[in-house]
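Work through three short exercises on the structure shown below. Try each task before reading its solution.

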Amino acid sequence: MSTVDKSAVGLGERQYHIGVAPGEVSTVALLPGDPFRVPLVAEFLTDVQEVAHRREHRTMTGLYKGRRITATSTGMSCPSTAIAAEELIRVGVTSLIRIGSSAAVQPGIAPGDLLVSEGTLRNDGTTAAYVHPGYPAVPDLPITMELERQAARIAEREGVRAVNGLNASDDAFYAEGPEWIERLRREGILNIEMESSALYVVARLRGVRAGMICACSSNLVDGASLYSGTKDALQAGWAASIEAALETAVALEL
Ligand SMILES: O=P(O)(O)O[C@H]1O[C@H](CO)[C@@H](O)[C@H]1O
Ligand SMILES: O=c1cc[nH]c(=O)[nH]1
């Protein structure tokens with residue numbers, strides 16, 4: 001019986017899940033979760049081409065201030081994020097910046113505020129298949145520092161807050177009960193989302209760079225919630241996050 005070595009699958013070819021081929025992407029990719037947010041990135045770009053849209057993974061490539069930029073949606077959660085990251089890396093992406101939405105678990109963070117990740121608590125199953133339990137999920141330091149600089153600048157202009165710190169990646173949106181949220185709050189975690197754990201671990205293992213900036217969608221400890229109609233603030237937060245990520249790509253020549 002022969003087995004398939006997946007480390008060689010798709011190298012130099014159109015990728016099985018995300019449908020992109022070498023030459024169709026930049027060296028830097030912005031990663032929203034939702035495919036419907038890829039066109040929001042495209043609004044900032046010129047010369048945009050839709051490269052592929054397979055399953056939850058939609059990809060567009062264009063230019064921002066003369067720099068080639070790709071946007072690819074990861075879908076929700078770590079399994080599809082790991083696949084998107086692996087396949088983007090196989091076609092030449094060397095910097096991955098997640099532009100997400102995320103729920104705050106510290107008081108005083110409001111929908112639309114900007115959250116830059118300095119590290120992720122790995123409460124997901126995917127990364128357990130890649131690395132041992134104590135392995136850290138951390139973003140690239142220069143990307144993180146530039147995202148923080150850009151977030152602070154844009155937040156001041158837009159009259160929102162920019163907050164930097166630790167986040168958690170959960171697998172189960174509807175299993176985030178009060179005990180879990182209270183524990184994260186006590187341990188100083190700022191916010192919860194569902195993808196950065198896989199993004200950071202895959203990036204580290206493959207020798208590329210990753211970072212994350214999120215827009216706050218809701219606050220699980222002080223009751224400000226997207227789920228009761230704060231979508232305008234969230235949309236402004238997404239636009240601000242995209243701008244911060246694009247300016248980071250330009251500043252660091254990613
Ligand atoms: O809006 P995105 O970027 O998908 O991020 C957040 O929204 C989804 C949950 O509602 C999860 O994917 C979470 O990480
Ligand atoms: O994990 C998550 C992500 C966004 N919002 C939540 O309430 N939980």
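The exercises below treat a predicted model.

**Exercise 1. Find which residues line the largest cavity, and sort them by character.**

Step 1. Start with the count: the structure holds one cavity of 30 Å³ or more. Its space is about 30 Å³.

Step 2. List the lining: Arg-37, Ile-99, Gly-100, Trp-238 and Ile-242. Two elements, β5 (95–104) and α6 (231–251), each give two or more residues to this lining.

Step 3. Sort the residues. Three are nonpolar, one is polar and one is charged. Gly counts as polar.

**Exercise 2. Classify the pair formed by the rings of Phe-173 and Tyr-174.**

Step 1. Count first: there is one aromatic pair.

Step 2. Take the geometry. The ring centres of Phe-173 and Tyr-174 lie 4.7 Å apart, and the planes meet at 70 degrees. Centres must lie within 6.5 Å, and planes over 60 degrees apart count as edge-to-face. The pair is therefore edge-to-face.

Step 3. Check accessibility. Phe-173 has 36% relative accessibility, so Phe-173 counts as partly exposed. Tyr-174 has 81%, so Tyr-174 counts as exposed.

**Exercise 3. Work out how strand β4 pairs with β1 and with β3.**

Step 1. Take β1 (residues 28–31) and β4 (residues 67–72). They pair in the parallel sense, over two bridges. Ala-29 has Thr-70 in β4 as its bridge partner.

Step 2. Turn to β3 (residues 57–64). β3 and β4 run antiparallel, joined by six bridges. Met-60 stands opposite Ala-71 in β4.

Step 3. Look at the turn. β3 and β4 form a hairpin with two residues between them. In the turn, Lys-65 has a positive phi of about 50 degrees.

Conventions: Residues are numbered from 1 along each chain as its sequence is written. Chains are lettered from A and ligands numbered from 1 in the order in which they are written. This is a predicted model: local features need pLDDT of at least 70, side-chain atom pairs count only at pLDDT 80 or more; totals for chains, interfaces and linings use all residues. Side-chain values use heavy atoms; hydrogens and water are left out. On a 1 Å grid over the protein atoms alone, a cavity is a set of points where a 1.4 Å probe fits but cannot get out, and a pocket is an open set with protein on both sides within 12 Å along at least five of seven lines; lining residues have an atom within 4 Å of a point. Grid points are joined across faces, edges and corners, and a volume is the space filled by probe spheres set on the points. Helices (H or I, at least four residues) and strands (E, at least two) are DSSP runs, numbered from the N terminus. Rings of Phe, Tyr and Trp (its six-membered ring) pair if their centres lie within 6.5 Å; planes under 30 degrees apart count as stacked, over 60 as edge-to-face and the rest as tilted. Buried means under 20% relative accessible area, exposed over 50%, partly exposed in between (1.4 Å probe, protein chains only). Two strands pair if DSSP finds at least two bridges between them.
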